[in-house]
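Please examine the sequence and the structure shown below. A short report on the strand pairing and the nonpolar core is set out after them.

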Amino acid sequence: QVQLVESGGGLVQPGESLRLSCAASVSSGSIDSIGWYRQAPGKQRELVATITGGGKPTYADSAKGRFTISLNNAGNTMSLQMNSLKPEDTAVYYCTVVWFSRSWSRRDYWGQGTQVTVSS
């Protein structure tokens, strides 16, 4: 019911910026929220930022003040602008969607992940 296409990511130096995008195609139901989690080697997957369909963002403490999440008017493409990147931001970043069917069944969808590496 939901297809996710991630873009962005790559290798940057500390202090530089990157922009991640996630486009969601929905064949039925509706998206409640969309966002990014990340997983560094040897660590658990953790929240980076999410945004509701109404445009309300939520940020992890590590992202506050440096990252900005936004949603296009159609509510199907989300972007994460990451500034002042640090080596500890290095991880695989996963787009995730909370989706509800017309009968209010919830399902979480995950993208395939995109690598972000911050290194000098």
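The sections below describe a sheet, its pairings, a core and a loop, all taken from a predicted model.

## The open sheet

Four strands make up an open sheet with antiparallel pairing, and their order is β1-β3-β8-β7. The edges are occupied by β1 (2-7) and β7; each has a single partner strand, so one side of each is left without a neighbour in the sheet. On average, neighbouring strands of this sheet are turned by 15° against each other, with direction ignored.

## Pairings of strand β8

Strand β8 (residues 77-82) pairs with strand β3 (residues 18-26) in the antiparallel sense, over 6 bridges. Within this pairing, T77 in β8 stands opposite A23.

Strand β7 (residues 67-71) also runs antiparallel to β8, to which it is joined by 5 bridges. In β8, M82 is the bridge partner of F67, and L80 is the bridge partner of I69. Together β7 and β8 form a hairpin with 5 residues between them. In the turn of this hairpin, G75 has a positive phi of about 75°.

## The nonpolar core

In soluble globular proteins, nonpolar side chains tend to be buried together. The largest nonpolar core in this model has 28 residues, and W36, L80 and M82 are those with the most contacts inside it. At least two residues of this core come from each of β1, β3, β4, β5, β7, β8, β9 (91-100) and β11 (114-118). The strand that gives the most to this core is β9, with 5 residues.

L80 thus appears both in the sheet, as the bridge partner of I69, and among the core residues with the most contacts. Which residues does L80 contact, leaving aside its neighbours within four places in sequence? They are L18, R19, L20, W36, V48, A49, F67, T68 and I69. M82 likewise combines the two settings: M82 is paired with F67 across a bridge and is named with W36 and L80 for contacts inside the core.

## The loop between β4 and β5

G42 lies in the loop that runs between β4 (30-39) and β5 (46-52). Is G42 buried or exposed? Its relative accessible area is 89%, so G42 is exposed, the cut-off for that class being over 50%.

The separation between G42 and A74 is 32 residues in sequence. In space, the C-alpha atoms of G42 and A74 are 37 Å apart.

Methods
Residues are numbered from 1 along each chain as its sequence is written. This is a predicted model: local features need pLDDT of at least 70, side-chain atom pairs count only at pLDDT 80 or more; totals for chains, interfaces and linings use all residues. Side-chain values use heavy atoms; hydrogens and water are left out. Two strands pair if DSSP finds at least two bridges between them. Buried means under 20% relative accessible area, exposed over 50%, partly exposed in between (1.4 Å probe, protein chains only). Axes are lines fitted to C-alpha atoms, for helices over the stretch in contact, and angles run from 0 to 180 degrees between N-to-C directions. A nonpolar core is a set of buried Ala, Val, Leu, Ile, Met, Phe, Trp, Tyr and Cys residues joined through side-chain atoms within 4.5 Å. Contact means heavy atoms within 4.5 Å.
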